[in-house]
Amino acid sequence: MIEDSTFNYHVIILKTDKNMAVNSGKNATGEKPVVKNKFSSSLMNEIDLGASFIPTYTSMVINSYSRSDRNHVTEKFISNGQTLGFYASINLYSKSRLFTPSQKFYFRNNTQLKYNQNTYNGQMEYKEIFATTPSRPYDSIGQIDVFRSNVTLANVFLVKRLALGYIVHQKSNFSLEYGLDIGLRLSTKFTPLVYNTGAAFNDRMYYAKVLSSPFISNPTFILYQRLGINYRRFTANVGYSIPKVKMGSNSDKSGRMMNIGLAFRFR
């Protein structure tokens, strides 16, 4: 402590790790300066649950069948735009960094495992196309039947979440962040449920067995914009996919998907 006729001067020297930042603001009470983490990381620290839906039209070819001595049959699902589902994700690894000198801005890098399941309402369209024969030189449509249907699509993603944030209130961990979720789809399961299947058309489809084949997608990247509001241990998330979601190996696409959920951090 250094004194003169007007003021007392307090000088404090701290030894800190290189990953620690010291608040350089004035301290009139003589208390020690605030020491903040410049870097922080954690494993398995957060779970996120919420609703997911695609508010636009969906159309996809599920399967097709053909043989030289039989007609060609295709099966196509067309949604009516009504879909609702859920998602769940867990942070496998999280890392964040404060920017100096303000220490109000931060960058966050998370790695997540995500499960997403949606059920679509709509109709299944079965189309029979006659095979080319000497008496019928060109393929022609023989019959089209449409049945009410639901389909369930389940996906597993590996997600890289990148976000920039601004700290509004340090003590309550109140902050806002905006970023991108880059998802790699690892697997897909497709389950159709068809109504009114007693029609005569299904007797001819018995040989095709189009309902027995799974609808599998190739590995696909999906990009989401995300807005997050953090308060204490909770985060409200709103995500919206930038490109349309690819549904399967036939390059069928749906509308843009939206996720709304709430996350909880364990630590």
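Let's start with one small detail: the side chain of Ser 52 makes a polar contact with the side chain of Asn 116, at 3.3 Å. The Ser 52 side chain also makes a polar contact with the side chain of Asn 118, at 3.0 Å. Keep in mind as you look around that this is a predicted model.

Where does Ser 52 sit in the chain? You will find Ser 52 in strand β6, which covers residues 46–53. Is Ser 52 buried or exposed? Its relative accessibility is 0%, so Ser 52 counts as buried, the cut-off for that being under 20%. Setting aside neighbours within four places in sequence, Ser 52 is in contact with several residues, among them Leu 84, Phe 86, Gln 117 and Met 258.

Now step back to the whole chain. It has 1 helix and 14 strands. Of its 267 residues, 36% count as buried. Among contacts with a separation of 6 or more, 68% are between residues 24 or more positions apart.

Next, let's visit the surface. The chain exposes about 15800 Å², and carbon and sulfur atoms supply 58% of that area. Look here for a nonpolar patch formed by Phe 99, Phe 105, Phe 107, Leu 164, Tyr 166, Val 168, Leu 176 and Ile 229, which together have about 680 Å² of accessible area. Two elements, β9 (105–130) and β10 (140–169), give two or more residues to this patch. Strand β10 gives the most, with 3 residues.

Tyr 166 is a good residue to finish on. This patch member lies in strand β10. Tyr 166 counts as partly exposed because its relative accessibility is 36%, and partly exposed residues fall between the 20% and 50% cut-offs.

How values were computed: Residues numbered from 1 in each chain as written. Predicted model: local features only at pLDDT ≥ 70, side-chain atom pairs only at ≥ 80, totals over all residues. Heavy atoms only, no water. Helix = DSSP H or I, 4+ residues; strand = E, 2+ residues; numbered from the N terminus. Buried < 20%, exposed > 50% of the residue type's maximum accessible area, 1.4 Å probe, protein only. Contact = heavy atoms within 4.5 Å. Areas by Shrake-Rupley, 256 points an atom, 1.4 Å probe, with all protein chains shown as cover. Patch = residues over 30% accessible without salt bridge, like charges linked within 9 Å, V, L, I, M, F, W, Y side chains within 5 Å. Salt bridge = Lys/Arg side-chain N within 4 Å of Asp/Glu carboxyl O. Polar contact = N/O pair within 3.5 Å; in protein donor to acceptor, adjacent residues only side chain to side chain.
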